[in-house]
Amino acid sequence: MGGRLIILGACMLILTLIALAFAPLAVKPILISHPMIKQGLTSLSSSVSSLNWAGYAVPAEKGTVTSVAGSFIVPSVTCTTGQTTYVALWTGLDGYNDTTVEQAGIAVECENGKPIYWAWYEFYPSPSVTIKGFTVNPGDDIYVNVTYLGHGKFQVTIKDVTKSEAYSTTGRVSKAELSSAECILERPVVNGQLSSLANFGTAYYGQDYTSILDTCYATVSGVTGPFGLFPSVVSIIMVNNSGETLAYPSSLTSDGSSFTVTYG
């Protein structure tokens, strides 16, 4: 009797292994923070509509934007059971009027009613790279710096000031135009399609931030200052294909460095 049970158990184990071998593998979504997809102008000359971005950008002449620094507070995302949604917050160069982006930030995925937070960097058109071992939680103060080093090479640095974590890396982007700086909240492209925007409530860029680190500063033609210093600064409202607002930025603070983005 014992021998039969052993044989039966072995057969069941073999069948289980065969089933697992032929079962479809879970595919992790490919998240890409995309250059801005313009939807048109708003009634204000200093504002544009976009299908994927909300926040502020400083466009400038090609080859003049060499650095950007931005800080934000990780929002507490509200998830709905049965809906898969995403949101990303980042600071970066390019992407407003061209086809590359050099950036770093955090992302949130709502899956099975629960939010999953992580940090990433990206040298678009390559997909984003998850930063392993870098923990992200709601309420954390995040600081990002992206600097052009010359000869197509960039350095990105991301710091969780709350947890005293930091990560830095370099990469090359051959066709980068160095034509804009951004502090952006985005609904990313996931597996080739624009994702649904997660309910992030209100995101704070620089607001309530007590560190001496700069918040939404750019270096353009050798001049470094808050976004509001530059006459070309533009606010970006995120809309859907029907033109309905999904997320919108506040006005810049009086020093020109900080703002909020509100879920629409």
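Is S235 buried or exposed? In this predicted model, S235 counts as buried, because its relative accessibility is 12% and the cut-off for burial is under 20%. The residue is found in strand β19, which spans residues 234-239. Its C-alpha atom is separated by 7.6 Å from that of A54, a residue 181 positions away along the chain. Beyond its neighbours within four places in sequence, S235 is in contact with S46, S47, V48, G55, Y56 and P249.

The overall fold was assessed next. The protein chain has 264 residues, and buried residues make up 50% of them. Its secondary structure comes to one helix and 21 strands. Among contacts with a separation of 6 or more, 66% join residues 24 or more positions apart. The chain exposes about 12,700 Å². Carbon and sulfur atoms supply 56% of that area.

The nonpolar interior was then examined. The largest nonpolar core holds 50 residues. Those with the most contacts inside this core are V77, V87, L185, F200, Y205, F227 and V261. A second core is separate and has 20 residues. I32, Y86, Y96 and V189 are included in this second core. Within the largest core, F227 was followed in detail. Leaving aside neighbours within four places in sequence, F227 touches Y56, A57, V58, V68, A181 and E182, among others. Its contacts also include C183, C216, Y217, A218, V233 and G256. Y56 is thus a contact of F227 and also of S235. Both C183 and C216 are on the F227 list, and these two cysteines form a disulfide.

The count of disulfides comes to two. With the bonded cysteines numbered in sequence order, the pairing is 1-2, 3-4. In the pair C79 and C110, the sulfur atoms are 2.0 Å apart. The torsion about this S-S bond is about -75 degrees, so the disulfide is left-handed. C79 lies in the loop between β5 (65-73) and β6 (85-93), whereas C110 lies in strand β7 (residues 101-111), so the link ties together parts that are 31 residues apart in sequence. C79 and C110 are both buried.

In the pair C183 and C216, the sulfur atoms are 2.3 Å apart. The link is left-handed, with -125 degrees about the S-S bond. C183 sits in strand β13 (residues 180-186) and C216 in the loop between β16 (202-205) and β17 (217-220), so this disulfide joins parts that are 33 residues apart in sequence. C183 is buried, with a relative accessible area of 0%. C216 is likewise buried, at 1%.

A further buried position is S33. Its relative accessible area is 0%, so S33 meets the criterion of under 20% for burial. S33 is placed in the loop between β1 (31-32) and β2 (38-41). Its side chain makes a polar contact with the side chain of E186 at 2.4 Å. Another polar contact joins the side chains of S33 and W90, at 3.3 Å. With residues up to four places away in sequence left out, S33 touches W90, Q103, W120, E122, Y124 and E186. W90 and E186 are therefore on the list of residues touched by S33, in line with the definition of contact as heavy atoms within 4.5 Å.

Definitions and conventions:
Residues are numbered from 1 along each chain as its sequence is written. This is a predicted model: local features need pLDDT of at least 70, side-chain atom pairs count only at pLDDT 80 or more; totals for chains, interfaces and linings use all residues. Side-chain values use heavy atoms; hydrogens and water are left out. A nonpolar core is a set of buried Ala, Val, Leu, Ile, Met, Phe, Trp, Tyr and Cys residues joined through side-chain atoms within 4.5 Å. Buried means under 20% relative accessible area, exposed over 50%, partly exposed in between (1.4 Å probe, protein chains only). Helices (H or I, at least four residues) and strands (E, at least two) are DSSP runs, numbered from the N terminus. A polar contact is a pair of N or O atoms within 3.5 Å; within protein, one must be able to donate a hydrogen and the other to accept it, and residues adjacent in sequence count only if both atoms are side-chain atoms. A disulfide is a pair of cysteine sulfur atoms within 2.5 Å. Accessible areas come from the Shrake-Rupley method with a 1.4 Å probe; for residues, only the protein chains shown count as cover.
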